[in-house]
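Grab a pencil and open the viewer. Below are some short exercises, each with a solution that goes step by step.

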Amino acid sequence: MINLELPKKLRASANQAHQVATEIFRPISRKYDLAEHDYPVELDTMAAMVEGLADSGTQKIGGAAGGREDDSESDTHATELLGNSNGGNMSALLNALETSWGDVGLMLSIPYQGLGNAAIAAVATDEQLKRFGKVWASMAITEPSFGSDSAAVTTTAVLDGDEWVLNGEKIFVTAGQRSTHIVVWASVDKSLGRAAIKSFVVPRDAPGLSVARLEHKLGIKASDTAVLLLQDCRIPKDNILGSPEVNVEKGFAGVMQTFDNTRPLVAAMAVGVARAALEELRAILTDAGVEISYDTPPNNQHAAAAEFLRMEADYEAAYLLSLRAAWMADNKKPNSLEASMSKAKAGRTGTDVSLKAVELAGAIGYSQRTLLEKWGRDSKILDIFEGTQQIQQLIVARRVLGKTSAELK
């Protein structure tokens, strides 16, 4: 059974991330919201800090520390005795939550903490983990011809001697210009359908890789979002993540395993933004003389207080669902259903809470006097990327009803 009390080690790590959010992210949040595409130079110190923490064995600050657990004998024995393991995924989730409380755009810009790093941690071989353990990897999935249907990848990868040759266009690549490597989804044989879709680690300086443009966005403006072109892009043969063999029976499951790790992290980002908005709204309501009571029925309280209680309940539900999905990953339990549930609930809660906070705060919420309006803009992407709200609900429905993707579309 999951223990909802966080262990001391994880509390210390989360507190460290919260200090980063408080001391580094919040003070420069508005600055880089207004200076879209400018690189946050203040994050250069973060790179050295993250490197030092990784070398010392301390959990990372950002959201890419998740992945497979160390299967050492001592860890296995401890898990057998306690029946409960909290490791890389849970730590990554808490760190993503706390740093996103500070600024989700800056969180996505932390060097060497890209979503591609989580993908590498999820499916790379031991040898690849050694080679790519200290890279900054973004993830390139979406293409102009599709959005949430990841199985519709048209980018191709053809083996030519000791190299893969990649051709295609990728859009909405987070940290696509700044990262040192890009995890690219491509098909090795279109005739075999989704089973032939593999992920490849493409170095920034690979011949044939270029940045076509950077997108101007509603929110998370501190994070660069790029369009990448792969034109006869050549990478080493062993840069394909996991096995190069196409297993038609296993189908798309191997590549989709990545989402089981990253979706709870995105859920945590939404939870972090929601918590920031709730805390700011509570302060504004308190200053306005609105009392929020947990002993009085909501219908007997000020309308704003009743709405606050509703949103706080949704926040708690999203938080607990996210914890459950990460805990299951750490304990090697299949968590595809729970990952989608947490992403769906948190994504919807993040937008609902942040936008309602803007509304209830009135002129203060709509102005730039606080960060509420910024959080309202930032939150929307968290309900879209890594699978939209609608896609998550579809996945949950398939799992609950026992339907395949062909049976329930």
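**Exercise 1. Find out how β1 fits beside β4, and whether its faces are covered or open.**

Step 1. Start with the pairing: β1 and β4 run parallel and are joined by four bridges.

Step 2. Pick one pair to look at on screen: S138 stands opposite I182 in β4.

Step 3. Now check the two faces of β1, which spans residues 137-140. A137 and M139 are on one side, S138 and A140 are on the other, and all of them are buried. Both faces of β1 are therefore covered, given that buried means under 20% relative accessible area.

By the way, this is a predicted model, so keep that in mind throughout.

**Exercise 2. Move on to the other partner of β4: which way does β5 run against β4, and how covered is β5?**

Step 1. β4 (residues 181-187) pairs with β5 in the antiparallel sense, over seven bridges.

Step 2. To see this pairing, find H181, which stands opposite P203 in β5.

Step 3. Count the buried residues of β5, residues 197-203: seven of its seven are buried, and the strand is mostly covered.

Step 4. Sort them by side. I197, S199, V201 and P203 lie on one side, with K198, F200 and V202 on the other. Both faces of β5 are covered.

**Exercise 3. Trace the strands that pair with β3.**

Step 1. Strand β2 (residues 156-160) pairs with β3 (residues 163-174) over five bridges, in the antiparallel sense.

Step 2. Look at the end of β2: D160 has E163 in β3 as its bridge partner.

Step 3. Two residues sit between the strands of this hairpin, and G161 takes a positive phi near 70 degrees there.

Step 4. β3 also pairs with β7 (residues 225-236), again in the antiparallel sense, with nine bridges. Here G168 stands opposite L230 in β7.

**Exercise 4. Work out how helices α4 and α8 are placed relative to each other.**

Step 1. Take the distance and the angle. The axes of α4 (residues 88-107) and α8 (residues 303-330) come within 7 Å and cross at roughly 150 degrees.

Step 2. Compare the angle with the cut-off: angles over 145 degrees count as roughly antiparallel. So α4 is roughly antiparallel to α8.

Step 3. List who makes the contact. From α4 come G88, N89, M90, L93, L94 and L97, while α8 brings Y319, S322, L323, A326, W327, A329 and D330.

Step 4. Sort these by class: nine are nonpolar, three polar and one charged.

**Exercise 5. Describe the nonpolar cores.**

Step 1. Why look for groups of nonpolar residues at all? In soluble globular proteins, nonpolar side chains tend to be buried together.

Step 2. The largest core here has 84 residues, and F25, L94, I120, M269, L372 and L382 touch the most other members. Helix α7 (residues 253-287) supplies the largest share of this core, 16 residues.

Step 3. There is a second, separate core of 19 residues, which includes A157, I182, L214 and I235.

**Exercise 6. Is helix α11 enclosed or open, and what do L372 and E373 touch?**

Step 1. Count first: nine of the 11 residues of α11 (residues 372-382) are buried, so the helix is largely enclosed by the rest of the structure.

Step 2. Name some of them: the buried ones include L372, E373, W375 and L382.

Step 3. Set aside neighbours within four places in sequence. L372 is then in contact with A277, E280, I284, A357, V358, A361 and G365. For E373, the list is R30, V358, G365, Y366, S367 and Q368.

Step 4. Check E373 itself: its relative accessible area is 13%, and the cut-off is 20%, so E373 counts as buried.

**Exercise 7. Which residues does T262 touch, and is T262 buried or exposed?**

Step 1. Find T262 in helix α7. Its relative accessibility is 0%, so T262 counts as buried.

Step 2. Not counting residues up to four places away in sequence, T262 touches L115, A118, M139 and E386.

Step 3. Look at E386: T262 and E386 are 124 residues apart in sequence, but 7.5 Å apart in space, C-alpha to C-alpha.

Conventions
Residues are numbered from 1 along each chain as its sequence is written. This is a predicted model: local features need pLDDT of at least 70, side-chain atom pairs count only at pLDDT 80 or more; totals for chains, interfaces and linings use all residues. Side-chain values use heavy atoms; hydrogens and water are left out. Buried means under 20% relative accessible area, exposed over 50%, partly exposed in between (1.4 Å probe, protein chains only). Axes are lines fitted to C-alpha atoms, for helices over the stretch in contact, and angles run from 0 to 180 degrees between N-to-C directions. Angles under 35 degrees count as roughly parallel, over 145 as roughly antiparallel, 65 to 115 as roughly perpendicular and the rest as oblique. Contact means heavy atoms within 4.5 Å. Ala, Val, Leu, Ile, Met, Phe, Trp, Tyr, Cys and Pro count as nonpolar, Asp, Glu, Lys and Arg as charged, and the others, Gly among them, as polar. Two strands pair if DSSP finds at least two bridges between them. A nonpolar core is a set of buried Ala, Val, Leu, Ile, Met, Phe, Trp, Tyr and Cys residues joined through side-chain atoms within 4.5 Å.
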